Amino acid sequence: MQHFQQSVYKLIVETSTNLPADVRQAIQAAQAKEDAGTRSALSLSTIADNIHMAECNVSPICQDTGMPTFIIHCPVGANQIVMKKQILDAVAQATKDSKLRTNSVDSLTGANTGDNLGPGTPVVHFEQWERDDIEVKLILKGGGCENKNIQYSLPAELEGLGKAGRDLDGIRKCIMHAIYQAQGQGCSAGFIGVGIGGDRTTGYELAKHQLFRHVDDVNPNEELRKLEDYVMANANSLGIGTMGFGGQVTLLGCKVGVMNRLPASFFVSVAYNCWAFRRQGVLLDSNNGEIKEWVYRTGDTVPMNTKTEAEAAPAERREVVLQTPISEEQIRSLRVGDVVIINGMMHTGRDALHKYLMDHDAPLDLNGAAIYHCGPVMAKDAGGEWHVKAAGPTTSIREEPYQGDIIKKFGIRAVIGKGGMGPKTLAALQEHGAVYLNAIGGAAQYYAECFKKVEGVDFMEFGIPEAMWHLQTEGFAAIVTMDSHGNSLHADVEKDSLAKLAKFKDPVFV
Ligand SMILES: O=C(O)C[C@H](O)C(=O)O
Ligand code: SF4
């Protein structure tokens, strides 16, 4: 098994950097459905570019390389202790090589282990089978979409849909609701795995396992096949669209599995996965650990359609170039829907920083500043200089308890993130004269290119993703989705999609 560790390393790199063929095809089908020039079409074209760039750069598609979860099938007698140790070593090596972000954090102290190893990370499951070869499957599912997983206990009363009973129609309602509640925060359009039954733990596990199915397979259970087809045929009419911008495509895949339950329990568990659906697998020779084949067709067989932005967006849209520090007057002139290009200094800040800034000073003047909700993948070169390797936005709503106060306390003019923020932030934008800009979630290579120089970093003790990076920026494009006049595209899409959800109230499977 001298090649086992190297093969697992190759699997990690491939999974993180090269989206498989079936996922690419689903994204391409979405591109074909969106009307040219719309916000969703533009975002899909950025996503396609990003997929291509990640493949060429052999760098993470999204900066959040998720919770590495391995599922291994091996012949009776294979040494699982040795395999597990080699898997951990491969994970640490891939982290060192910036193919994975440092993503393992002590839950109580917040300390980042720096190598993706720690209690509970990575997740490694072994199962024996009666074959001679070894199969290693890996999914890298990020935190933002993981936060949008949801579990229902039937019977339930669902927003917009009314009663969901303990039957196929109740399950149908749960799935439609799960897609609605995710809005754009899990970087829609997404893929969902659904687990019917089990207990709270095995139900979620079953849901996650569904994500290992091929996007284009057909469920052998006739009832579940009908349910999957129904969801695929109807979910897009919720109108949530790419990144929650509104649009024709909200869901890219739906896979449903079932297992037995206790008489008293009826769980429907939904695992939501963003468009950056990174899962791959290898079949290994159990004598030497060499890769015999890939489980999912590799991405290079389906090149992405990388149109230039101009070709993709002939539509009229206002584009405003802003240089930091930004003035109140410039901000007040912006309206929801405008595209903003940012040049100058940008500062990253997410959960740890926002909490800290509530009762401490900032390490530098933030008047007129642009704060980017982002936890990047960074690499230090031999000369000690830092470089941005992947840097898409993180889900902004987590900062809702802090953001409004921080905008006012420090004079921040632009908050950049994804998924939108709530009423408290919207009020602060209006009061102070600031704007919320939505960047395309997962487009980590696309945005990394905009960061020309790392000028400095504060709070390295928070760990690389949570530190405050000061970045010299050129040509960072994002869309105004909350302006300083009380308008929020997110609030509009949420309201509109709730009305559309209510149309699915009547029974379908009786
Ligand atoms: O942690 C991140 O970088 C992003 C996260 O996956 C998110 O979707 O919010
Ligand atoms: S940022 Fe978006 S694309 Fe990346 S892991 Fe989070 S949900 Fe997925």
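These legends walk through several close-up views of a predicted model. Local features need pLDDT of at least 70 and side-chain atom pairs count only at pLDDT 80 or more, while totals for chains, interfaces and linings use all residues. Residues are numbered from 1 along each chain as its sequence is written, chains are lettered from A and ligands numbered from 1 in the order in which they are written, and side-chain values use heavy atoms, with hydrogens and water left out.

**View 1. Y356 meets F459, ring to ring.** The structure holds 11 aromatic pairs (rings of Phe, Tyr and Trp, the last by its six-membered ring, with centres within 6.5 Å). In this one, Y356 and F459 sit 4.7 Å apart, centre to centre, with 55 degrees between the planes. That makes the pair tilted, the label for whatever is neither stacked (planes under 30 degrees apart) nor edge-to-face (over 60). Y356 belongs to helix α11 (residues 351-358) and F459 to the loop between β19 (451-458) and β20 (468-482), so the pair ties together parts that are 103 residues apart in sequence. Helices (H or I, at least four residues) and strands (E, at least two) are DSSP runs, numbered from the N terminus. Y356 is partly exposed at 25% relative accessibility, whereas F459 is buried at 12%. For those words, buried is under 20% relative accessible area, exposed is over 50%, and partly exposed is in between (1.4 Å probe, protein chains only).

**View 2. F459 again, this time with L353.** Look at the backbone here: F459 has a positive phi of about 60 degrees although it is not a glycine. L353 is found in helix α11, and L353 is buried, with a relative accessible area of 1%. The two residues are 106 apart in sequence, yet their C-alpha atoms are 8.2 Å apart in space.

**View 3. Y372 and F451 in a ring cluster.** Ring pairs link Y372, Y446, Y447, F451 and F476 into a cluster. Within it, Y372 and F451 make a tilted pair, 6.0 Å centre to centre and 40 degrees between the planes. Y372 comes from strand β14 (residues 370-372) and F451 from strand β19, so this pair links distant parts of the chain, 79 residues apart. Both Y372 and F451 are buried.

**View 4. Two arginines over aromatic faces.** R131 lies over the face of W129, at 4.3 Å from the ring centre. R279 does likewise with F277, at 4.7 Å from the ring centre. A charge sits over a ring if NZ of Lys or CZ of Arg is within 6 Å of the ring centre and within 35 degrees of the ring normal.

**View 5. The shell around ligand 2.** Ligand 2 has 14 residues around it (each with a heavy atom within 4 Å), and the closest are C62, G142, C187, C274 and R278. By class, the shell has 6 nonpolar, 5 polar and 3 charged residues. Nonpolar here covers Ala, Val, Leu, Ile, Met, Phe, Trp, Tyr, Cys and Pro, charged covers Asp, Glu, Lys and Arg, and polar takes the others, Gly among them.

**View 6. The second largest cavity and its lining.** The model has 3 cavities of 30 Å³ or more, and the second largest has a volume of about 50 Å³. On a 1 Å grid over the protein atoms alone, a cavity is a set of points where a 1.4 Å probe fits but cannot get out, and lining residues have an atom within 4 Å of a point. Points are joined across faces, edges and corners, and the volume is the space filled by probe spheres set on them. The lining includes F191, Q210, R213 and K255, along with F277 and R279. Strands β7 (190-196) and β8 (251-258) each supply at least two lining residues, with β8 giving the largest share, 3 residues. The classes are 6 nonpolar, 2 polar and 3 charged.

**View 7. Helix α6 and the loop after it.** H177 lies in helix α6 (residues 168-182) and is buried at 8% relative accessibility. H177 and E159 are 18 residues apart in sequence and 7.7 Å apart, C-alpha to C-alpha. In the loop between α6 and β7 you'll find Q183, which has a positive phi near 45 degrees without being a glycine. Q183 is buried too, at 10%. A189 is in the loop between α6 and β7 as well, and the peptide bond from S188 to A189 is cis, with omega near 5 degrees.

**View 8. A cis bond at P325.** The peptide bond joining T324 and P325 is cis, with omega about -5 degrees. P325 sits in the loop between β12 (319-323) and α10 (328-332).

Terms used:
On a 1 Å grid over the protein atoms alone, a cavity is a set of points where a 1.4 Å probe fits but cannot get out, and a pocket is an open set with protein on both sides within 12 Å along at least five of seven lines; lining residues have an atom within 4 Å of a point.
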